[in-house]
Amino acid sequence: MQELTLSPGPAKLTPTLDPTHRMELILSTSPAELTLDPACQPKLPLDSTCQPEMTFNPGPAELTMDPEHQPEETPAPSLAELTLEPVHRRPELLDACADLINDQWPRSRASRLHSLGQSSDAFPLCLMLLSPHPTSEAAPIVVGHARLSRVLNQPQSLLVETVVVARALRGRGFGRCLMEGLEVFARARGFRKLHLTTHDQVHFYTHLGYQLGKPVQGLVFTSRWLPATLLNAFPTGPSPRPPWKAPNLTAQAAPRGPKGLPLPPPPPLPECLTTSPPVPSGPPSKSLLETQYQNVRGRPIFWMEKDI
């Protein structure tokens, strides 16, 4: 027989010497304590060099990188520091200018460099919009480009072509700065009107004061040694061609075969194909959404002009 006794003292498990082997269990209201013999406690030695440490900072999280591996950010050019210079006066920037243009209109690098090499004060003239490099010893950064050519039969007009701004800098006012610089450059040399073509930037040029106009013909070369009478001899548009007529096959005698039998008539000739679209007649369209002009690829283009 076993006897269970509750005592207010500390918990003890005391075996009695009663021959019946009674077991007495005494519970205490104080908190129980469990103590292990130090000799029996497991030991887990840890190397101090391998113990991980984790520290939490109550402040905002910060990510710090090694300064030697942090990428350098090139600051955006300042509009107030931009300059406009002819490409033939900065030959060391020919490659950078060619890369800028080819990024927009891919073309053979040799062909692009050859075209830029034709720039001269006698026109055509290629202008670069330049920004000083953050490092004073380095060459300027080519931000934009435009080409100016004389216009046939309009000595006070220039044709603006190949207008482009670096992709990373678009939408920040550099295009407007380039076009306004062209106006100052042209006006200082006695020109009073600029012409250009576009197919997707009509509203941009409209905000700059351009209006829809008529097509003009730019001169790909000019020289002071060529008289004006020779330049005026070039046609201002495609020369008119006489209407094409198919030969009259019925008026000719039908050829005969070896035995005198007439041969079947040949198939009809194809219609005449023209490589250039017909010149539109009448005044140009005044709508900014419609145009009657197309480029050599058949893409709609808008002719625009501005008095400067």
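A crossover counts as right-handed if, with the strands pointing away from the viewer, the path from the first strand over the helix to the second runs clockwise. Keep that view in mind for this predicted model.

**Stop one: the β-α-β unit.** Select S6, residues 154-165. Add helix H3, residues 174-187. Then add S7, residues 193-198. Together, S6, H3 and S7 make a β-α-β unit, and its hand is right.

**Stop two: the S6/S7 pairing.** Hide H3 and keep the two strands. S6 and S7 pair in the parallel sense, over four bridges. Pick Val160; its bridge partner in S7 is Leu196. Now pick Ser157, whose partner in S7 is Lys193.

**Stop three: from S7 to S10.** Stay on Lys193. Opposite Lys193 stands Asp307, in S10. Show all of S10, residues 300-307. S7 and S10 run antiparallel and are joined by six bridges. Lys193 thus has partners to show in two strands: Ser157 and Asp307 of S10.

**Stop four: the S5/S6 hairpin.** Go back to S6 and add S5, residues 141-151. These strands run antiparallel, with seven bridges between them. Select Gly144 to find its bridge partner in S6, Val165. Then move to the turn. Two residues lie between S5 and S6 in this hairpin. Stop at Asn153 in the turn: its phi is positive, about 65°.

**Last view.** Show S5, S6 and S7 at once. S6 pairs antiparallel with S5 and parallel with S7.

Terms used
Residues are numbered from 1 along each chain as its sequence is written. This is a predicted model: local features need pLDDT of at least 70, side-chain atom pairs count only at pLDDT 80 or more; totals for chains, interfaces and linings use all residues. Side-chain values use heavy atoms; hydrogens and water are left out. Two strands pair if DSSP finds at least two bridges between them.
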